[in-house]
Structures are given as C-alpha cells and as structure tokens.
Amino acid sequence: MSSEEGKLFVGGLNFNTDEQALEDHFSSFGPISEVVVVKDRETQRSRGFGFITFTNPEHASDAMRAMNGESLDGRQIRVDHAGKSARGSRGGAFGAHGSQGGYDRYSGGNYRDNYDN
C-alpha cells in the first residue's frame, strides 16, 4: 500500500505534456519512482491526465499541496491522491445508476421497460 500512498493523480494536462515534462515539474519535491501520462489506445494521444508515484508519501503530499491549481504547459492542473479521487468519483458517478429502477442509460433500455405489465 505504500506505493499507493505516494501516487498522485494529475488532471487537466496539456495534450502535449509528456512523462519527461511531468517529471521535470514534480522532481523538486523528491525522488519519483514512476511517471505515466495516460494515452488513448488507438491514437496514442494523451488523454489529458496521468499519475506520478513518489518513493516517499510525504513528498507526494507536499507536491499535491504545492502543485494543485498551478499552471503546467499553459493549463491549470488538478493534483490529488490517486486512490481517493479515482475511486470516489467513479463510485458516485456509476454506482447508483445500475441499481435503480427506471431509465438506465448504460443498459440501452427504454425508460418504460420497468413499467410494462
């Protein structure tokens, strides 16, 4: 779990920002073990977010506080702990839709399907 504690999510990236640029901007906070800019599988174009893993979770927290809302390559970035932001937003956004009655946009069904006799 220690590597997860040192892992940061970085969103709002310029599509031209690569791993090296990301590492250069965050390396002053401490040693980094991994930098990933997430890319589209088909086009290999950046999807505008990535992850940075610091070897020390305290360095990750320092970087998060200092860099959240800062400008990187002309874009304001959002920096948060990877585990918290990713799981929290996914659970809230998708968790409730599948279990409720009525229209379910993910199943492709008609909103009247649940009311037919």
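What share of the 117 residues in the protein chain is buried? In this predicted model, buried residues account for 32% of the chain. Four helices and six strands are present, and, read from the N terminus, these elements follow one another as α-β-α-β-β-α-β-β-β-α. Among the contacts between residues at least 6 apart in sequence, 57% join residues at least 24 apart.

The sheet provides a starting point for the description. Four strands form an open sheet in the order β2-β3-β1-β6, and their pairing is antiparallel. Its edges are formed by β2 (32–39) and β6 (78–81), each of which pairs on one side only, and from one strand to the next the twist averages 20°. Strand β1 (residues 7–11) and strand β3 (residues 46–54) run antiparallel and are joined by five bridges; within this pairing, Val10 has Gly50 of β3 as its bridge partner, while Gly11 stands opposite Phe49 of β3. On the β2 side, β3 is joined to β2 by six bridges, again in an antiparallel arrangement, with Ile32 opposite Phe54 of β3. The two strands β2 and β3 constitute a hairpin with six residues between them, and in its turn Gln44 adopts a positive phi of about 60°. Strand β3 is mostly covered, in that seven of its nine residues are buried.

Two helices lie across this sheet. Helix α2 (residues 19–26) lies across β1, β2, β3 and β6 and runs at about 135° to β2, whereas helix α3 (residues 57–67) lies across β1, β3 and β6 and runs at about 150° to β6.

The nonpolar interior can be described next. In soluble globular proteins, nonpolar side chains tend to be buried together. The largest nonpolar core of the model comprises 17 residues, and those with the most contacts inside it are Val10, Leu22, Phe26, Phe54, Ile77 and Val79. Two or more residues are contributed to this core by each of β1, α2, β2, β3 and α3, and the greatest contribution, four residues, comes from α3. The surroundings of Phe54 illustrate how separate segments meet at one core residue. When neighbours within four places in sequence are left aside, Phe54 is in contact with Gly6 and Leu8, with Phe26, Phe29, Gly30, Pro31, Ile32 and Ser33, and with His59, Ala60 and Ala63.

Aromatic side chains were examined separately, and the count comes to three aromatic pairs. One of these pairs is formed by Phe9 and Phe51, which are arranged edge-to-face with 5.9 Å from centre to centre and 65° between the planes. Because Phe9 lies in strand β1 and Phe51 in strand β3, this pair ties together parts that are 42 residues apart in sequence. Both Phe9 and Phe51 are buried. Phe51 also forms an edge-to-face pair with Phe49, for which the centre-to-centre distance is 6.2 Å and the angle between the planes is 90°. With a relative accessible area of 22%, Phe49 is classed as partly exposed, since a buried residue must fall under 20%. Together, Phe9, Phe49 and Phe51 form one aromatic cluster.

Charged side chains also approach aromatic rings. The charged end of Lys7 sits over the ring of Phe51, 5.0 Å from its centre, so that Phe51 takes part in this arrangement as well as in its pairs with Phe9 and Phe49. A further example is given by Arg45, whose charged end sits over the ring of Phe15 at 4.2 Å from the ring centre.

At an edge of the sheet, His81 is placed in strand β6. Its relative accessibility of 15% means that His81 counts as buried, the limit for that class being under 20%. Residues up to four places away in sequence being disregarded, His81 touches Glu5, Lys7, Leu8 and Phe9, together with Ser61 and Met64. Among these contacts, Lys7 is the residue whose charged end sits over the ring of Phe51, and Phe9 is the partner of Phe51 in the edge-to-face pair described above.

Methods: Residues are numbered from 1 along each chain as its sequence is written. This is a predicted model: local features need pLDDT of at least 70, side-chain atom pairs count only at pLDDT 80 or more; totals for chains, interfaces and linings use all residues. Side-chain values use heavy atoms; hydrogens and water are left out. Two strands pair if DSSP finds at least two bridges between them. Axes are lines fitted to C-alpha atoms, for helices over the stretch in contact, and angles run from 0 to 180 degrees between N-to-C directions. Contact means heavy atoms within 4.5 Å. Buried means under 20% relative accessible area, exposed over 50%, partly exposed in between (1.4 Å probe, protein chains only). A nonpolar core is a set of buried Ala, Val, Leu, Ile, Met, Phe, Trp, Tyr and Cys residues joined through side-chain atoms within 4.5 Å. Rings of Phe, Tyr and Trp (its six-membered ring) pair if their centres lie within 6.5 Å; planes under 30 degrees apart count as stacked, over 60 as edge-to-face and the rest as tilted. A charge sits over a ring if NZ of Lys or CZ of Arg is within 6 Å of the ring centre and within 35 degrees of the ring normal.
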